[in-house]
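Visitor: I am new to this structure and would like to learn how to read its features. May we go through them in turn?

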Amino acid sequence: MAMTVMDWLNLIGEWSEKLARRPNDVKKDGALRFGILGAAQIAPQALIIPARSHAEVIVAAVAARDKRRAHAFAKKYNIPIVHDTYDELINDPALDCIYVPLPVAMHYEWALKALQAGKHVLLEKPSVSNAEEARALFEHPVLQSPNAPVLLEARHYQFHPAWHTFLSLFDPADVEEANVRTAIAAGLFPADDIRFKYELGGGTLMDLGTYNLSALRGIFGAEPTSFVSASPQPSSNDERCDIAMEATYDFPNGGVGKLSCNLGARVKYEKGKGSWWAWLFQDWPDVVADMPPWLTVKLREMHGVEEDMAVTTQKTIVMNNFMGPHMWHRIDINTTTTYRSPNNTIIKTETSTESKKAYVWPGSQGGDTKGEDWWTTYRYMLEGFVDRVKGRKGSGAWVEGDDSIKQMAAIDETYRKAGMVVRPTNKVLSGAN
Ligand SMILES: NC(=O)C1=CN([C@@H]2O[C@H](COP(=O)(O)OP(=O)(O)OC[C@H]3O[C@@H](n4cnc5c(N)ncnc54)[C@H](OP(=O)(O)O)[C@@H]3O)[C@@H](O)[C@H]2O)C=CC1
Ligand SMILES: O=C1OC[C@@H](O)[C@H](O)[C@H]1O
């Protein structure tokens with residue numbers, strides 16, 4: 001079978017570990033024992049590899065629909081216990097935490113079952129299929145008791161110091177415009193991937209776009225006041241799933257947020273625009289479009305006076321690779337300062353760029369653990385998850401349940417604006433047969 005993007009990323013993850021000769025951490029007493037629901041492609045990157053360097057995490061069990069697949073996965077990743085069913089795994093008394101990397105449509109049901117079995121849950125993004133499920137899950141009575149288990153939507157990039165360094169560079173009230181762009185070349189995910197199946201909670205806005213939309217909400221520190229436009233490109237596998245989406249939102253401070261997410265990027269050629277050589281390759285999979293994922297934030301102009309001159313300062317901040325900052329990232333702060341005479345003539349214009357990077361928590365940020373410069377977003381997230389379960393303060397980075405609910409409400413509303421149907425509610429909740 002051909003290697004998928006996720007297989008390649010897992011291979012790169014494994015080889016980086018080998019080449020860096022990173023020893024596995026000796027596990028502490030009281031280490032949390034995790035079980036994985038499904039032999040999922042993302043599991044090595046998101047949990048198995050990060051767990052190796054965490055002294056308080058043991059990946060103890062896996063279950064898959066197909067027993068042979070489960071055993072092969074367990075053997076490959078040194079997982080001691082294989083359960084025959086998902087139910088058996090979540091009810092294993094020897095486990096403390098369940099990682100849920102199932103198709104989105106199964107998140108609500110299995111996260112809730114695991115919580116009801118008394119397990120802490122690390123739940124893949126997007127948390128669930130729609131806002132109805134999100135409210136039912138994150139406001140469920142099982143999470144309200146004093147010793148309630150921990151539930152976290154695994155929006156990993158929000159745990160990396162680079163994201164917090166970026167957010168510290170501006171006041172959300174000053175954002176005039178933000179634009180978040182992500183794309184993956186066409187064909188890297190097959191047409192029948194879970195991402196393009198409506199019944200499984202598919203759609204690019206759900207999958208890649210959840211990063212764009214949460215980033216916009218984080219940049220403005222608020223929810224959209226208006227869903228201005230949303231233009232989907234339907235997937236060939238299922239018209240109810242978008243292979244790409246572009247959307248525009250108004251935010252309470254008067255700023256405008258834009259997103260573009262695409263799981264089927266192809267080279268576009270428009271006469272007179274862009275590179276001439278695009279004509280030769282038009283419609284080929286585009287491996288460089290919006291790669292790495294990036295965003296720009298334009299701040300409102302600031303006005304002042306200096307030695308009788310009117311001074312206007314305008315800043316634009318660009319973050320390259322906000323989704324996978326551990327591989328590489330760069331945050332550029334571009335400043336343009338214009339000096340004008342009292343009669344409004346421009347005297348001079350100065351431009352400057354300052355660049356920042358943060359692979360570990362800088363200064364006073366991050367609490368007791370600074371992190372390591374090789375920690376991935378997933379490793380930082382695992383640190384935060386374990387800290388929360390253990391009742392420690394942690395770095396301060398977290399995705400609150402209320403945030404997950406608002407995120408799904410914004411995704412639903414974007415689909416409605418696009419004239420598309422919201423992803424279906426799990427029958428366990430809807431009561432449908
Ligand atoms: N954080 C991140 O960077 C990423 C997160 N994700 C998220 O992780 C989740 C899984 O994604 P990914 O690992 O790429 O997915 P996979 O295609 O590997 O599917 C995950 C698992 O779903 C199980 N499954 C159960 N029912 C079905 C079904 N009807 N059809 C297909 N699979 C089924 C399979 O389990 P079994 O082994 O039991 O057959 C499979 O192992 C998604 O929620 C996705 O959004 C994905 C990629 C990156
Ligand atoms: O990190 C990611 O990149 C590729 C996506 O399809 C995936 O689901 C996402 O989480």
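Visitor: Which are the buried residues of helix 2?

Guide: A word of caution comes first: this is a predicted model. A residue counts as buried if 20 or more other C-beta atoms lie within 10 Å of its own. In helix 2, the residues that meet this test are Ala43, Pro44, Gln45, Ala46, Leu47, Ile48, Ile49, Pro50 and Ala51. Helix 2 spans residues 43-52 and is mostly covered, with nine of its 10 residues buried.

Visitor: What covers the buried residues of helix 2?

Guide: The cover includes two helices, helix 1 (5-19) and helix 11 (377-389). It also includes strand 1 (32-37), strand 2 (57-63) and strand 4 (97-100).

Visitor: Into which domains is the protein chain divided?

Guide: Domain 1 takes in residues 5-158 + 373-430, and domain 2 takes in residues 160-356. Their centres, taken over C-alpha atoms, are separated by 27 Å.

Visitor: How many residues of domain 1 are in contact with domain 2?

Guide: The size of an interface is often given as the accessible area lost when the parts come together. Here one may count residues instead: 28 residues of domain 1 are in contact with 34 of domain 2. On the side of domain 1 that touches domain 2, helix 12 supplies the largest share, eight residues. By class, that side of domain 1 divides into 16 nonpolar, six polar and six charged residues.

Visitor: Which residues come nearest to ligand 1?

Guide: Of the 23 residues around ligand 1, these are Gly38, Ala40, Gln41, Ile42 and Ala64. The shell has 14 nonpolar, three polar and six charged residues, and domain 1 and domain 2 each contribute at least three residues to it.

Conventions. Residues are numbered from 1 along each chain as its sequence is written. Chains are lettered from A and ligands numbered from 1 in the order in which they are written. This is a predicted model: local features need pLDDT of at least 70, side-chain atom pairs count only at pLDDT 80 or more; totals for chains, interfaces and linings use all residues. A residue is near a molecule or strand if its C-beta atom, placed from the backbone, lies within 6 Å of it. Ala, Val, Leu, Ile, Met, Phe, Trp, Tyr, Cys and Pro count as nonpolar, Asp, Glu, Lys and Arg as charged, and the others, Gly among them, as polar. Domain bounds come from an automatic or database domain assignment. A residue is buried if 20 or more other C-beta atoms lie within 10 Å of its own, exposed if 12 or fewer, and partly exposed in between; C-beta atoms are placed from the backbone. Helices (H or I, at least four residues) and strands (E, at least two) are DSSP runs, numbered from the N terminus. Two residues are in contact if their C-beta atoms, placed from the backbone, lie within 7 Å.
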